[in-house]
Amino acid sequence: MTGYLELTASAVLYALGIVAQAIASRRADEGGGGLGLLARLARDRLYLIGFAGQVGGFALAFLARARLPLYLVQAGSSCAVGLATLFGIAVLGWRVRAVEVVVLVVMAAGLLLLVAAATPSAARDVPQGPGIVLFGLPVLVLVLVQRRVRGVVPPAAAAGLAFAVVAMTSRTLADEPLPTLPLYPLAWLMVVAALVGQSYLALALRRGSATATAATMDATTVVLTSIVGIAALGDRIAPGREWWVAVGVALVVCGVLLLGYADRFARAAAEVTG
């Protein structure tokens, strides 16, 4: 039960963080992206509040990964985009649309299927050397190509890839004693991947809406971590409920993508009519 409580609190903090970071990123002064954009945003209190929410959400998700499979933890975290929408409606006065209500129901149904199919399990240990190579290569590529990334979807997907590396490395480390984590090279790779993911996330939020960015990012992360977690990291499924996981992941991914598509469509329509 502790893992499920940690996952719920993590999703709430992620949602608050996404909203705060989105507002701060869109009002940032002009300039390049990457770590330079993060440095400018570090002077914005609202962005720092959002970043604190992201850190708190990550910490709780990290603890949840010690007991729960990646496909459940990442799907639960991805539902933060739905919670962010509800928060925007309730506190910031965002206008609710019928499609958003449908999407939230679809995501909730998918998450319920995953909760029912999940079996608590500890991850397989990944050797530090091969793990650094396998998980570090995509992070290195993301660092090298960042200045060439254009548009909104590519940096959002890149952020999703970086955060997938964070999730997969943390899954292998979550059952280790916290004081010993600095001794593991994979722990430092996890920190680097998180910073790379944050820089891509800030860039995507600056170019597009919070909902569309989070949807693309979360869909990428959920798909990658679900596949790798089941295939290589020891994530378990209750016997006979393999299809529940497939359908549950599909519903969550479709939900976040549809929410992002609906948001972009609404903005385009507003620009045309305006």
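1. The lining of the largest pocket is mainly a nonpolar affair by count: 20 nonpolar residues, against 6 polar and 2 charged. Bear in mind that this is a predicted model.

2. The pocket itself has a volume of about 630 Å³. Its lining comprises 28 residues. Nearest the centre of this largest pocket lie Tyr-14, Gln-54, Phe-58, Phe-163 and Val-166.

3. Which helices build the wall? At least two lining residues come from each of α1 (2–26), α3 (45–65), α4 (70–78), α5 (80–91), α8 (153–173), α9 (185–207) and α10 (210–232). The top contributor is α3, which gives 7 residues to the lining of the largest pocket.

4. Look next at how α3 packs on α8. Two packed helices are described by the angle between their axes and the distance between the axes. For α3 and α8 the angle is about 50°, and the axes are 8 Å apart. Angles from 35 to 65 degrees fall outside the parallel and perpendicular classes, so α3 and α8 are oblique to each other. Their crossing is right-handed.

5. Now the residues at that contact. From α3 come Phe-58, Phe-62 and Arg-65. They meet Val-166, Ala-167, Ser-170, Arg-171 and Leu-173 of α8. By class, the residues of this contact are 5 nonpolar, 1 polar and 2 charged.

6. Two residues link these points. Phe-58 of α3 and Val-166 of α8 belong to the helix contact. Phe-58 and Val-166 are also among the residues nearest the centre of the largest pocket.

Conventions:
Residues are numbered from 1 along each chain as its sequence is written. This is a predicted model: local features need pLDDT of at least 70, side-chain atom pairs count only at pLDDT 80 or more; totals for chains, interfaces and linings use all residues. Side-chain values use heavy atoms; hydrogens and water are left out. On a 1 Å grid over the protein atoms alone, a cavity is a set of points where a 1.4 Å probe fits but cannot get out, and a pocket is an open set with protein on both sides within 12 Å along at least five of seven lines; lining residues have an atom within 4 Å of a point. Grid points are joined across faces, edges and corners, and a volume is the space filled by probe spheres set on the points. Helices (H or I, at least four residues) and strands (E, at least two) are DSSP runs, numbered from the N terminus. Ala, Val, Leu, Ile, Met, Phe, Trp, Tyr, Cys and Pro count as nonpolar, Asp, Glu, Lys and Arg as charged, and the others, Gly among them, as polar. Axes are lines fitted to C-alpha atoms, for helices over the stretch in contact, and angles run from 0 to 180 degrees between N-to-C directions. Angles under 35 degrees count as roughly parallel, over 145 as roughly antiparallel, 65 to 115 as roughly perpendicular and the rest as oblique. A crossing is left-handed if the near helix is turned anticlockwise from the far one by less than a right angle, and right-handed if clockwise. Contact means heavy atoms within 4.5 Å.
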